[in-house]
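Here is a short briefing on a protein chain and how its parts meet. Please keep the structure in view while reading.

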Amino acid sequence: MEFKHLMLAACTAALCGGAALAENVKVGMITTLSGGGAGLGIDTRDGFMLAVKQAGRDDLEVVIEDDQRKPDMAVQLADKMIQQEKVDVLTGIVWSNLAMAVVPAAVAQGKFYLSTNAAPSALAGRGCNPLYFSVSYQNDNLHEAAGAYMRDAGYKAPFILAPNYPAGKDSLTGFKRFFEGTPKDEIYTKLGQTDYSAELAQIRASGADSVFFFLPGGMGISFLKQYQASGLDLPLVGPAFSFDQGILQAVGDAALGVKNTSQWSKDIDNAANKAFVDGFQAEYGRLPSLYAAQGYDTANLLISAMDKADVSDKAAFQAALEAADFPSVRGKFSFGANHHPVQDIYVREVVQEGDVLTNKIVGFAIKDRADAYVGECKM
């Protein structure tokens, strides 16, 4: 399904007719709207567009396309948006392998890229760029937090696994950086895999005292269901991606009680988060996910920069983005020198509220975390 030229309802006839003013900003959102990862892209889109609607702007146009979770499709769409649509800003990619295919070429052509999710280490260190901002995290962060939590909780021999793609490699690297021990075993699974019988057999035979896994989207749903059916009873820990709002309803009670790490939760107590959670439920009839929260913050960051500078003045617009002068749903939020967030990361627990599975914060995992690669970034 293809979404094009979604604009604010308040868009004036003159603007919609193409008589664009110089200060208008055109955004190209490339995200996953079909296939196994569609829920993540849909939430990204919906969170972003909610912020745009709530802001009531008439100077922002958003063109939305489905990358189908295919790198070649993402590259094709980015080329179209830059060359034909003449977008000023690109955003929306969920998957790190797609980001690596799109972001370097986009910024080389003078386009700002604001990442709503994917934030591979290659773009945080030596591959950083003045026009690239990650509004989500750096890929390692939530996994670092899980490692810190499991270390502090006294686990000694976790079995760790993740998909074999950039974010998966960042995941296990980040986990081991903060766990500070030696995992019992570690494996990389195929990206998009849905049958984990072999991995579950390895876990059973390993002698591990716990399991850390990063399997976003449908991969996590399949793993959790199969884990429950296997009869294994080792404690599970993961980042938010495998215990996020859209995923929990598909997993069911197999997720109850599981600890996971996130920089956002619907119960963070601030006015911006309340407006987001309430507004998202009213607009879409469901609770928001981490992906929706990141999309929402990304749009509000962009709008805050538009209030300070013209996008055509790249130096001024970059400085406006760096200021991060917007009310984040996360509360405290700033950018490090490599344009990646400095933020708190929480430990959450999956609970049931009425008929709905969701998460609640049970403590901090890491406070004021930047990332491991900022020292390598030279801008």
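How much area is buried between domain 1 and domain 2, and what percentage of it do carbon and sulfur atoms give? The buried area is about 2,900 Å². Carbon and sulfur atoms give 59% of that area. The model is a predicted one.

**Domain layout**
- The domain assignment splits the protein chain into two-segment domains: domain 1 covers 2-139 + 268-343, and domain 2 covers 141-265 + 345-376.
- Over C-alpha atoms, the centres of domain 1 and domain 2 lie 26 Å apart.
- Domain 1 brings 37 residues to the contact, and domain 2 brings 35 residues.

**Area lost on the domain 1 side**
- Ile268, Leu290 and Gln343 lose the most area to domain 2 of the residues in domain 1.
- Together these three account for 21% of what the domain 1 side buries.

**Polar and charged links**
- One salt bridge is found across the interface of domain 1 and domain 2.
- A salt bridge joins the side chains of aspartate 368 and lysine 332, with 2.9 Å from N to O.
- Between domain 1 and domain 2, 15 residue pairs are in polar contact.

**Make-up of the domain 1 face**
- Four elements each give two or more residues to the side of domain 1 that touches domain 2: α4 (96-108), α10 (271-284), α11 (290-306) and β13 (341-353).
- The largest share of that side comes from α11, with four residues.
- By class, the side of domain 1 that touches domain 2 holds 18 nonpolar, 15 polar and four charged residues.

**Aromatic pairs**
- The count of aromatic pairs comes to 20.
- Tyrosine 113 and tyrosine 132 count as stacked because their ring planes meet at 25°, under the 30 degrees cut-off.
- The ring centres of tyrosine 113 and tyrosine 132 are 6.2 Å apart.
- This pair links distant parts of the chain, 19 residues apart: tyrosine 113 sits in strand β5 (residues 112-115), and tyrosine 132 in strand β6 (residues 132-134).

Conventions:
Residues are numbered from 1 along each chain as its sequence is written. This is a predicted model: local features need pLDDT of at least 70, side-chain atom pairs count only at pLDDT 80 or more; totals for chains, interfaces and linings use all residues. Side-chain values use heavy atoms; hydrogens and water are left out. Domain bounds come from an automatic or database domain assignment. Contact means heavy atoms within 4.5 Å. Buried area is the accessible area (1.4 Å probe) that two parts lose on being put together, summed over both. A salt bridge is a side-chain nitrogen of Lys or Arg within 4 Å of a carboxyl oxygen of Asp or Glu. A polar contact is a pair of N or O atoms within 3.5 Å; within protein, one must be able to donate a hydrogen and the other to accept it, and residues adjacent in sequence count only if both atoms are side-chain atoms. Ala, Val, Leu, Ile, Met, Phe, Trp, Tyr, Cys and Pro count as nonpolar, Asp, Glu, Lys and Arg as charged, and the others, Gly among them, as polar. Rings of Phe, Tyr and Trp (its six-membered ring) pair if their centres lie within 6.5 Å; planes under 30 degrees apart count as stacked, over 60 as edge-to-face and the rest as tilted.
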